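Trainee: I would like a close look at one sheet of this model, with enough of its surroundings to place it in the chain. Please state the cut-offs as you go.

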Amino acid sequence: MSMARKTDAPPAGHVADSHGLIRVHGASENNLKDVSIEIPKRRLTVFTGVSGSGKSSLVFDTIAAESQRLINETYSAFVQGFMPTLARPEVDVLEGLTTAIIVDQQRMGSDPRSTVGTATDANAMLRILFSRLGRPHIGPPTAYSFNTASVRASGGITVERGTKKTVKATYSRTGGMCVRCEGRGTVSDIDLTQLYDDSKSLNEGALTIPGYSMDGWYGRIFGGCGFFDPDKPIRRFTKRELHDLLYKEPTKIKVDGINLTYEGLIPKIQKSMLAKDIDALQPHIRAFVERAMTFTVCPECDGTRLSEGARSSKIDKVSIADACAMQISDLAAWVRGLDEPSVAPLLTALRHTLESFVEIGLGYLSLDRPSGTLSGGEAQRVKMIRHLGSSLTDVTYVFDEPTTGLHPHDISRMNDLLLRLRDKGNTVLVVEHKPQTIAIADHVVDLGPGAGTAGGTVCFEGTVEGLRSGDTITGRHLDDRAAVKESVRKPAGTLEIRGATAHNLRDVDVDIPLGVLCVVTGVAGSGKSSLVHGSIPAGEGVVSVDQGAIRGSRRSNPATYTGLLDPIRKAFAKVNGVKPALFSANSEGACPTCNGAGVVFTDLAMMASVATTCEECEGKRYQAAVLEYHLGGRDISEVLAMPVSEAEEFFGSGEASTPAAHRILGRLADVGLGYLSLGQPLTTLSGGERQRLKLATHMGEKGGVYVLDEPTTGLHLADVEQLLGLLDRLVDAGKSVIVVEHHPAVMAHADWIIDLGPGAGHDGGRIVFEGTPAGVIVGSPGFLSPEQARARGGEIGPPRSTPPVWSRVACRRPAPVVLRLTPPVRVALRVSGIRDRPRRRSHCCRGSSAAVSSPRSAGSACWSARTA
């Protein structure tokens, strides 16, 4: 047996060891102001600072973007033509880069065919497993894929070998797609009454579908097709005429000498509207789709998306549909119980993937969960799965707030994963606000001191200890401990939820107080969003602000997104006696050279496109003639260049006084965006700025109940204080605010807390605590340890050494008032005082219950916990 000889180790002063830093000099991307820093490699570096201070501009838009650009340039020009073109960041010198792997919070594709299993390749491994071990054997892995349809074909083919010869051939492919729902799991039906008014004729405007007007091409097609009389009311159509109007297949017709294609309304709508991601549709089209479409579970596959053959093949009495529907922690245990030497490598890889889910805190998910329903934090952690067991070293991992959506109890687990990546010899760069993650950093970079134009500089660079002692905003807030307020507001009523069973909820009964700040908390996957969004439908009287990302291109800006530009355009038009369309850079007033973009793009094929400021309008986006019109001494480009604070004063009084614009600007200032320019492209905003911009927009909606889903996402510790002030103003104005949140400061500031758990998935779905913040910290029934209590609200009360004792105490809640809300399906939602309440169950941490049979009223008894 031969052995390789051991070579001597390189000398201590080897030249290769001198490349231990990432050097950035003169970075000026977005709001960065000539930033120069040195970042140690193979260390964990956390970038922090107020929202909008330039963290993402430095980490993602400069360091990570340049790394990806340099890697792309190593490919041939032919290959680069098929790759996204990346421009070089605005930086003078960037040295010491390694391959960057970006794990951001971008939502995963919301295609209805995309699931957690398909996004992580776990489904692919399961399909191979069932194709080898499943009985009865039905075919190759594609036979278990709900994205693959079965195909059969036969006919003659010509073989050109020597003499041409035509032979008969057949072809077949076995797929696992359900024929009825085409692998979507749901079937849709269209409410015909939402498509037309049958009392009118087509020429009288019977069609109520957005964009289907008789004044345009559709009018010419319907009027000249000859399949029906456009002047006859639809209710008088014959069966054949109604079929041709609704369902006729594409047919060539000639109208006024022009060749056109006629197609029935239903197939046309299915192609143009229903086949697209509903979140990507324009608001008025999305409203129509939600109004006209009803989605139900496919009766043929029962929502599994799979054909009968795929569901019939099983391993140990478990089908692939059963496996994908299992909670991943249970699926991992089932896979561990399989012992088949012929597929041992496959089982090893599948076990590793599933155990990574559990390790990263996503064991409560199932593989058939649609990827579009994942939160930003869940999507980011799903993307991390493939990196946990990677053998790569000397890689730069870039994370964007990896603790988003995590309960304080789960943050330590995420910290361990980040440290494991570092300990393998990788460089880990993390944009983060949470003190628990900042505390584990080897190196900290604090940007600021403010946001927007007031930020973009490095305020501190060094160790965590140095940051604590430094005089920066982050340093001053780093050791903050949220203090429970001395008194809480008294509710003006209660919103009763009875029998909530959405997702993992276990027949939950809970009373949500109204007229106060109510925070719903619990570990990730405990059922918070299922309870709030599944039981309190957004609609009349309810304003719901979810975690959905803001959509917009470079042409979108705060003025267009919030609707602020509409009253501004009308004010300009009224004063100058012209059309409002002139003051839109996307309409008649746009510069003809750059089409209102402000820049001209030069396409250089596989090279990055070059953007240069338009010489015609000098980047102002408008025609010169439009800039001759003024309002209050300012033209439209000067108004859009104003920050929110200046514009609020400008439109608040004097000649430019515009109440509608002033109200919107006031809301933007309330959420802390006073520094933002009205015309700043949405693509340049940070995550926290986008979150607050969306919140400001929803604040303008009329409603008595505000439901906010993790509004602190992307916010610095200092920004959270301003958010709490905004929530207080909403409550003081008579609104009811319900917040799904983990942040200790928000929880401590609440008037009432509802805690779900005790675990995630099927280990959660119960109410483990209802009460004031002081109660959840000091008197929580066996759910929070003293360490977790300190993480949630600081040193409030001594650590409890004795278990809580359940006792019946007087309920101090006042008599309820009525709030009218539309009850959702499957959940009995009502307000106390309407009718006698059913038997109520008050859950303890073990899920046991105590029954209270009498209706609750002012001064009656309820169940609570106290410390012995």
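Mentor: Helices and strands are taken here as DSSP runs, helices being H or I runs of at least four residues and strands being E runs of at least two, numbered from the N terminus. The model is a predicted one, in which local features need pLDDT of at least 70 and side-chain atom pairs count only at pLDDT 80 or more, whereas totals for chains, interfaces and linings use all residues. Residues are numbered from 1 along each chain as its sequence is written, and side-chain values use heavy atoms, with hydrogens and water left out.

The chain as a whole contains 28 helices and 32 strands. Its mean pLDDT (the predictor's confidence in each residue, from 0 to 100) is 81, with 84% of the residues reaching 70 or more. In residues 779-790 the pLDDT falls below 50, although this stretch has 31 contacts in the model beyond near neighbours in sequence, a contact being heavy atoms within 4.5 Å. Residues 792-868 also have pLDDT below 50, with 171 contacts beyond near neighbours in sequence. Where pLDDT is low, the predicted coordinates should not be read in detail.

The sheet to look at is an open one of six strands in the order E21-E24-E25-E20-E26-E27, and its pairing is mixed; two strands count as paired if DSSP finds at least two bridges between them. Strands of a sheet pair through backbone hydrogen bonds, either parallel or antiparallel. Because E21 (541-545) and E27 (766-771) each have a single partner strand, they form the edges, and one side of each is left without a neighbour in the sheet. On average, neighbouring strands of this sheet are turned by 15 degrees against each other, direction ignored; the axes behind such angles are lines fitted to C-alpha atoms, for helices over the stretch in contact, and angles run from 0 to 180 degrees between N-to-C directions.

At the E21 edge, the partner is E24 (residues 703-709), and the two strands run parallel, joined by five bridges. Within that pairing, Gly541 has Gly703 in E24 as its bridge partner. Helix H24 (residues 687-699) packs on the sheet here, touching both E21 and E24, and its direction makes about 170 degrees with that of E21.

Towards the other edge, the loop between E26 (752-757) and E27 holds Pro758. The peptide bond between Gly757 and Pro758 is cis, with omega about 0 degrees. As background, most residues other than glycine have a negative phi, and most peptide bonds are trans. Another cis bond links Arg135 and Pro136, again with omega about 0 degrees, and Pro136 sits in the loop between helix H4 (122-133) and strand E6 (151-161). For phi, one case to inspect is Asp34, which is not a glycine and yet has a positive value of about 50 degrees; this residue lies in the loop between E1 (21-27) and E2 (35-40). At 52% relative accessibility, Asp34 is exposed, where exposed means over 50% relative accessible area, buried under 20% and partly exposed in between (1.4 Å probe, protein chains only).

Beyond the sheet, a search of the whole structure gives 26 salt bridges, each a side-chain nitrogen of Lys or Arg within 4 Å of a carboxyl oxygen of Asp or Glu. One of them joins Asp670 and Arg729 at 3.9 Å, N to O. Asp670 belongs to helix H23 (residues 659-670) and Arg729 to helix H25 (residues 717-732), so this pair ties together parts that are 59 residues apart in sequence. Asp670 is partly exposed, at 28% relative accessible area, and Arg729 is likewise partly exposed, at 42%. A network of salt bridges links Lys485, Arg489, Asp728, Asp732 and Asp751. Elsewhere, Lys232 and Glu241 form a salt bridge whose closest N and O atoms are 2.9 Å apart, and both residues are buried.

To set the sheet back into the chain, 50% of the 868 residues count as buried. Among contacts with a separation of 6 or more, 67% come from residues 24 or more positions apart.
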